[in-house]
Amino acid sequence: MILRYTILYVDNVAETLDFYERAFDMKRSFLHESGDYGELATGETKLAFSSTRLMRELGKTPGKPRPESPVFEIAFETDDVRSGFDRALAAGARPVQEVRHEPWGQTTSYVCDPNGYLVEICSPVQLPSAG
């Protein structure tokens with residue numbers, strides 16, 4: 001198996017796609033004519049959004065994200081964390097953690113998207129060699 005999609009439930013798919021395009025330089029790959037489902041091109045795994053309205057129609061009861069006690073995060077990797085953080089804020093993200101250098105050598109920062117989802121903007125992690 002492969003991980004193909006991560007789908008977040010949001011109230012407005014088109015607005016969310018627009019935010020991610022502006023904040024994280026993502027490219028829209030699909031928006032259904034109904035406006036209830038859309039995808040961003042992110043490489044092998046798609047970051048997708050489905051409307052909470054559609055999920056309710058399908059018998060699901062989507063909860064609201066709680067950035068003060070998140071249960072997951074989305075992480076975007078970049079070589080320039082400061083620029084990524086500033087760009088996200090300019091697009092309307094709320095700051096959660098300023099850019100900082102971690103003891104393990106990675107640079108990290110966190111923002112909250114307009115839907116309340118926690119997003120990490122980080123540098124690549126240097127993993128130890130297997131040998």
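Buried means under 20% relative accessible area, exposed over 50%, and partly exposed in between, with a 1.4 Å probe and protein chains only. The model is predicted, so local features need pLDDT of at least 70 and side-chain atom pairs count only at pLDDT 80 or more, while totals for chains, interfaces and linings use all residues. Residues are numbered from 1 along each chain as its sequence is written, and side-chain values use heavy atoms, leaving out hydrogens and water.

**Exercise 1.** Classify Phe-24, Tyr-20 and Phe-49 as buried, partly exposed or exposed.

*Solution.* Phe-24 has a relative accessible area of 12%, so Phe-24 is buried. Tyr-20 has a value of 0% and is therefore buried. Phe-49, at 0% relative accessibility, also counts as buried.

**Exercise 2.** Classify the ring pairs that Tyr-20 forms with Phe-24 and with Phe-49.

*Solution.* Rings of Phe, Tyr and Trp (its six-membered ring) pair if their centres lie within 6.5 Å, and planes under 30 degrees apart count as stacked, over 60 as edge-to-face and the rest as tilted. A search of the whole structure finds 8 aromatic pairs. For Tyr-20 and Phe-24 the centres are 5.3 Å apart and the planes stand at 45°, so this pair is tilted. Tyr-20 and Phe-24 both lie in helix H1 (helices being DSSP runs of H or I with at least four residues, strands runs of E with at least two), 4 residues apart, about one turn of the helix. Tyr-20 and Phe-49 are likewise tilted, at 5.1 Å centre to centre and 45° between the planes. This second pair links distant parts of the chain, with Tyr-20 in helix H1 and Phe-49 in strand S4, 29 residues apart.
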